[in-house]
Amino acid sequence: MEERILGSLTNDKEIMLLILFIIQNFKDDVSRDQIHEIALLGDSANYFDVNSNIDSLLKLDIIACNDDVFSLTEKGEEAISLLSNDLPLHIRNRAIINATKVLIKSRIEKDTPCEIVETDEGFNFVCKGLENGKTAFEVMINVDTIEQAKILKANYKRDPFKIFRTIIDVLSESGAKSDNN
């Protein structure tokens, strides 16, 4: 007998409903990777089943994909409105919680981009804080090796706002001495 993780879906119909439910309830554009991440975060379904069912839904014209952004077609809207209650409640709740996590992560990544740029002097690690799509902060650190730059990037990704909070705290420190003496 197949071992099944508590609450995981193995039936194609349920996995298709999960995919439709994710697309319907994700408030931003949703990509294939995000659909996978939402389904996998809670062990709701496995990667290969999700992937093959996305392809099936595309072939059946139940979902559409434009520039890796998925949406429901008219058939998809009708299917999820009629069948969403066939998806177990705990799976629907888990999908909404996981979609929220993925959405927050996506927005943080969008608002705090970073990159490593090779230069003649080594590598520049550049991180930005965006507000309304405009650069509010930009920090560049030059390091000698790509390994150092990767460490900076990994640390930044863990808490991208920490550097900006620290800068604001230092610059707005009460009782700071003025250089206007």
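In this predicted model, D68 lies in the loop that joins strands β1 and β2, and its phi angle is near 60 degrees, a positive value in a residue other than glycine. With a relative accessible area of 38%, D68 is partly exposed. D67 is found in the loop between β1 (63-66) and β2 (69-72) as well, and its phi, near 55 degrees, is likewise positive although the residue is not glycine. These values deserve a remark, because most residues other than glycine have a negative phi. D67 counts as exposed, at 72% relative accessibility.

D68 also appears among the contacts of S31, a residue found in the loop between α1 (12-25) and α2. Leaving aside neighbours within four places in sequence, S31 is in contact with D68 and F70. S31 counts as buried, because its relative accessibility of 13% falls under the 20% limit for that class.

**Helix packing**

Two packed helices are described by the angle between their axes and the distance between the axes. The table gives these values for three pairs.

| Helix pair | Crossing angle | Axis distance |
|---|---|---|
| α2 (residues 32-41) and α5 (residues 89-111) | roughly 130 degrees | within 9 Å |
| α2 and α3 (residues 47-59) | roughly 135 degrees | within 10 Å |
| α6 (residues 146-158) and α7 (residues 160-171) | about 85 degrees | 4 Å |

The axes of α2 and α5 cross at roughly 130 degrees, and the two helices are therefore oblique to each other, since that angle falls neither in the range of 65 to 115 degrees, counted as roughly perpendicular, nor over 145, counted as roughly antiparallel. The crossing of α2 and α5 is right-handed. On the α2 side the contact is made by Q34, E37, I38 and L41, and on the α5 side by A95, N98, A99, V102, K105 and S106. Sorted by class, the residues of this contact comprise five nonpolar, three polar and two charged.

Helix α2 also packs with α3, where the axes cross at roughly 135 degrees, and α2 and α3 are therefore oblique to each other. Here too the crossing is described as right-handed. From α2, the residues R32, I35, H36, A39 and L40 meet Y47, V50, N51, I54, D55 and L58 of α3. The contact of α2 with α3 divides into seven nonpolar, two polar and two charged residues.

For α6 and α7, the angle of about 85 degrees is accompanied by an axis separation of 4 Å, and the two helices are therefore roughly perpendicular to each other. Y156, K157 and R158 of α6 form this contact with P160, I163 and F164 of α7. Four of the residues in the contact of α6 with α7 are nonpolar, none is polar and two are charged.

**Residues in α7 and α4**

I167 is found in helix α7 and, at 23% relative accessibility, counts as partly exposed. Not counting residues up to four places away in sequence, I167 touches F137 and V139. I167 and K128 are 39 residues apart along the chain, and their C-alpha atoms are separated by 13 Å.

V139 also serves as a reference point for E78, which is placed in helix α4 (residues 74-83). E78 and V139 are 61 residues apart in sequence, and the distance between them in space is 48 Å, C-alpha to C-alpha. The relative accessible area of E78 is 49%, and the residue is classed as partly exposed, because the exposed class begins over 50%.

**Cysteines**

A disulfide is a covalent bond between the sulfur atoms of two cysteines. The structure holds zero disulfides. C114 is in no disulfide, and the nearest cysteine sulfur to its own, that of C127, is 7.0 Å away; the pair does not count as a disulfide, because the sulfur atoms would have to lie within 2.5 Å. C127 is in no disulfide either, its nearest cysteine sulfur being that of C114 at 7.0 Å. C114 is buried, with a relative accessible area of 15%, and C127 also counts as buried, at 1% relative accessibility.

Key
Residues are numbered from 1 along each chain as its sequence is written. This is a predicted model: local features need pLDDT of at least 70, side-chain atom pairs count only at pLDDT 80 or more; totals for chains, interfaces and linings use all residues. Side-chain values use heavy atoms; hydrogens and water are left out. Axes are lines fitted to C-alpha atoms, for helices over the stretch in contact, and angles run from 0 to 180 degrees between N-to-C directions. Angles under 35 degrees count as roughly parallel, over 145 as roughly antiparallel, 65 to 115 as roughly perpendicular and the rest as oblique. A crossing is left-handed if the near helix is turned anticlockwise from the far one by less than a right angle, and right-handed if clockwise. Contact means heavy atoms within 4.5 Å. Ala, Val, Leu, Ile, Met, Phe, Trp, Tyr, Cys and Pro count as nonpolar, Asp, Glu, Lys and Arg as charged, and the others, Gly among them, as polar. Buried means under 20% relative accessible area, exposed over 50%, partly exposed in between (1.4 Å probe, protein chains only).
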